[in-house]
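Biologist: Could you take a close look at the salt bridges in this one for me? I'd like to hear where the partners sit and how open their surroundings are, and then whatever else you find worth a look.

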Amino acid sequence: MSATEESRRALIVNGLAKLRENLLDLGNRNRLLNFDIDSGRIETSTQTLRFVDVAPDLVFRDLRDEKVFHPVPVPMLAAAPVTPRSETVVESSVTRRGGLRVESGVRGEERERESAGEGADAVERQARMIGLDISSELRMSLAGVGESLLQSPSRLQVLRFSESLNQACRAIEKQNRSSIEETGVSTLYLVFGFLEWYEDRSSQVARYAPLLLAPVSLTKSGRDGVSGAVGYQLASTGDEVEVNVTLRVMLQRNFGISLPDLVVDGDVVDYFAAVGRVIGGMPRWRIRNQMILTNISFHKLSIWQDLDPASWPEAEISGHQLIGDLLHGREGEDFFGIEHPIDEVEAERGAVPLIGDADSSQHSALLDALGGGSLVIEGPPGTGKSQT
């Protein structure tokens, strides 16, 4: 390879690297690097659901099986005199959870309390009464979780009453459906674990970045037998669980830390242990073992991955003629295409697979394209660009 060719190749490689960097948002506005998990707003947000009293490793292991959401049952209120103006239908049932006998039901005044928002304190009090572990920091099954967690790996417990849960599910599902309709890309992920990190040793502001993102789908199920509310089910889309690539790039660039890959058939226990080892030298950095459902948009990552030279095993992308022309340019050629003398090439018309009439400029563009050229067709509206 000549020195000129080596210089040209180096310019192409550097140009690709800069293009790829521009596709990643490494600022603090990006939720892939700065996700709000400690403000307390998650329990009232309609865009995010945080799970409690579940074992993440069991959920991760059985991710392809459908998961059912479980709200905190609304506590029964004292019976009130029924008048014609305030008739309410009461549906009560008895359930067992955590070894406790719990009565729950749906009453008109209770739904009013939910919609009025008595606050997260009421949900927490009720959750404690029925034996739920309300901590957002979850325990793995290997850490000795309660018997109810081991027996019900399909159960996704949320620290919300049923009405608040269904409102959030509707909003989350609607946002994901809109993304699919508008861009063809699903944005719904079940997040396993967050890295708590700091921008420097003197910073007092903790940042939280998702570690593993599992693509999932959210669908309506039948009405819950206890609350009577419409339920939702969560299931894997079948796509692979993804490591947060944005976090990986930021850690490598800013701290020289290489985020590990998730091995095939690996689990969250092993992965979190591997992450713990690579961040061991960073003071105050730690893994927050939380599990959250939310919409995260990072469709540009697909382009970022496509532009990775490692994604081109058969033909090096830096040696691709078109890539070189785009990034390095091509000397000695006119910027504008020429219009071929169509009359002179009329004898070759049969070789051009025309499916409609073409004027001289359209015919010239077709000849250039069939000759292996790369071109941009430009012109005012109505001149047949799309047809060509």
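Modeller: Let's start with R128, which counts as exposed in this predicted model, because its relative accessibility is 52% and the cut-off for that label is over 50%. R128 pairs up with E124 in a salt bridge, and their closest N and O atoms are 4.0 Å apart. Both belong to helix α4, residues 120-129, and because they're four residues apart there, about one helical turn separates them. E124 is partly exposed, with a relative accessible area of 24%.

You'll find the four-residue spacing in helix α6 (residues 162-183) as well, where E173 and R177 lie about one turn of the helix from each other. Their side chains meet in a salt bridge at 2.4 Å, N to O. E173 comes in at 23% relative accessibility, so it's partly exposed. R177 is partly exposed too, at 37%.

Now for a pair that links distant parts of the chain: D38 and R288 are 250 residues apart. Still, they form a salt bridge, with 3.2 Å between the closest N and O atoms. D38 sits in the loop between α1 (3-22) and β1 (48-50), while R288 is in strand β10, residues 286-295. As for their surroundings, D38 is partly exposed with a relative accessible area of 44%. R288, on the other hand, counts as buried at 7% relative accessibility, because anything under 20% gets that label.

D38 and R288 aren't on their own, either: salt bridges that share partners join them with E137, E196 and R286 into one network. For the whole model, the count comes to twelve salt bridges.

Away from the charges, there's a nonpolar patch on the surface, made of L19, L322, L326 and L327. Together these leucines have about 350 Å² of accessible area. Helix α10 (residues 321-328) gives the most to the patch, with three residues. L327 is found in that helix, and at 32% relative accessibility it counts as partly exposed.

For something at the other end of the scale, have a look at Q157 in strand β5, residues 155-157. Q157 is buried, with a relative accessible area of 0%. Its side chain has a polar partner, though: a polar atom of that side chain lies 2.9 Å from the backbone oxygen of H70.

Last stop, helix α7, which covers residues 245-255. At its start, a side-chain oxygen of N244 reaches to within 3.2 Å of the backbone nitrogen of T246. T246 is also one of the buried residues of α7, and the others on that list are V245, L247, V249, M250 and L251. After the helix comes G256, with a positive phi near 65 degrees.

So, if you want to click through this yourself, here's a short route:

- R128 and E124 in α4, where the partners are about one helical turn apart.
- D38 and R288, which connect a loop to strand β10.
- The patch with L19 and L327 among its members.
- Q157 and the backbone oxygen of H70.
- N244 at the start of α7, then G256 following that helix.

Definitions and conventions. Residues are numbered from 1 along each chain as its sequence is written. This is a predicted model: local features need pLDDT of at least 70, side-chain atom pairs count only at pLDDT 80 or more; totals for chains, interfaces and linings use all residues. Side-chain values use heavy atoms; hydrogens and water are left out. Helices (H or I, at least four residues) and strands (E, at least two) are DSSP runs, numbered from the N terminus. Buried means under 20% relative accessible area, exposed over 50%, partly exposed in between (1.4 Å probe, protein chains only). Patches are made of residues with over 30% relative accessible area and no salt bridge: like charges are joined within 9 Å, nonpolar side chains (Val, Leu, Ile, Met, Phe, Trp, Tyr) within 5 Å. Accessible areas come from the Shrake-Rupley method with a 1.4 Å probe; for residues, only the protein chains shown count as cover. A polar contact is a pair of N or O atoms within 3.5 Å; within protein, one must be able to donate a hydrogen and the other to accept it, and residues adjacent in sequence count only if both atoms are side-chain atoms.
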